[in-house]
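Trainee: I would like to learn how to read a fold. Where should we start?

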Amino acid sequence: MASVDTALKEAMTIEGSIGVALVDYNSGMALGTLGGTKDFDLNVAAAGNTDVVRAKMRTMEMLNLGDNIEDILITLRHQYHLIRPVQSRSGKGLFLYLSLDRGRANLAMARHMLSRVENDLEV
């Protein structure tokens with residue numbers, strides 16, 4: 001099992017990573033961040049993506065889908081943004097947010113590796 005710091009460091013080894021955050025989607029607060037740039041504030045991204053997660057959770061509940069979100073992908077011209085809710089009991093209400101440089105990232109590999117990070121995460 002990996003601590004939050006270890007999980008964030010592991011996520012940053014994913015090819016093309018710009019930044020990563022572990023976020024509480026009940027409050028919108030980042031519990032930890034790593035990376036980012038002067039023009040890309042991970043705390044702002046964490047808060048904004050909380051709305052995305054909440055909306056999808058509400059929609060799934062209204063539709064009675066009875067399933068879990070594996071990940072949410074937002075595709076921009078130059079970036080991928082991956083949102084992965086933490087499924088463990090200790091991580092309930094949390095999600096991993098990973099921003100990737102689209103020109104350097106392999107999306108399939110990034111999804112696979114972020115899944116491993118999420119599975120190993122101990123909160």
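**Reading the fold**

Mentor: Start with the order of elements along the chain; here the protein follows the pattern α-β-β-α-β-β-β-α. Keep in mind that this is a predicted model.

Trainee: How many helices and strands does the protein have?

Mentor: The secondary structure comes to three helices and five strands.

Trainee: In what order do the five strands of the sheet lie?

Mentor: Sheet order is read across the sheet, not along the chain. In this case the five strands form an open sheet with the order 2-1-5-4-3, and the pairing is antiparallel. Strand 2 (30-35) and strand 3 (72-75) are the edge strands, each pairing on one side only. From one strand to the next, the twist averages 10 degrees.

Trainee: Over how many bridges do strand 3 and strand 4 pair?

Mentor: Strand 3 and strand 4 (residues 79-85) pair over four bridges, in the antiparallel sense. To follow the register, take a single residue: Thr75 has Tyr80 in strand 4 as its bridge partner.

Trainee: Which strands does helix 2 lie across?

Mentor: For a helix on a sheet, list the strands, then give an angle to one of them. Helix 2 (residues 42-62) lies across strand 1 (17-24), strand 2, strand 3, strand 4 and strand 5 (94-101), and runs at about 120 degrees to strand 5. Helix 3 (residues 107-120) lies across strand 3, strand 4 and strand 5, with an angle of about 30 degrees to strand 4.

Trainee: Why does the radius of gyration agree with a compact globule?

Mentor: The value is set against the one expected for the chain length. A compact globule of 123 residues would have a radius of gyration near 14 Å, and the protein has 13 Å, so the two agree. Along its principal axes, the C-alpha trace spans about 40 × 35 × 25 Å.

Trainee: What share of the residues counts as buried?

Mentor: Of the 123 residues, 42% count as buried. The protein exposes about 7,000 Å², of which carbon and sulfur atoms supply 49%. As for contacts with a separation of 6 or more, residues 24 or more positions apart account for 54% of them.

Trainee: Let us take one residue. Is Ala7 buried or exposed?

Mentor: Compare its relative accessibility with the cut-off: buried means under 20%. Ala7 has 3% and therefore counts as buried. Ala7 lies in helix 1 (residues 4-12).

Trainee: Which residues does Ala7 touch, not counting those up to four places away in sequence?

Mentor: Ala7 touches Ala2, Val117 and Leu121 on that count. Ala55, 48 residues from Ala7 in sequence, is 26 Å away in space, C-alpha to C-alpha.

Definitions and conventions. Residues numbered from 1 in each chain as written. Predicted model: local features only at pLDDT ≥ 70, side-chain atom pairs only at ≥ 80, totals over all residues. Heavy atoms only, no water. Pairing = 2+ DSSP bridges. Helix = DSSP H or I, 4+ residues; strand = E, 2+ residues; numbered from the N terminus. Axes fitted to C-alpha atoms, helices over the stretch in contact; angles between N-to-C directions. Contact = heavy atoms within 4.5 Å. Rg over C-alpha atoms; globule rule 2.2 N^0.38 Å. Buried < 20%, exposed > 50% of the residue type's maximum accessible area, 1.4 Å probe, protein only. Areas by Shrake-Rupley, 256 points an atom, 1.4 Å probe, with all protein chains shown as cover.
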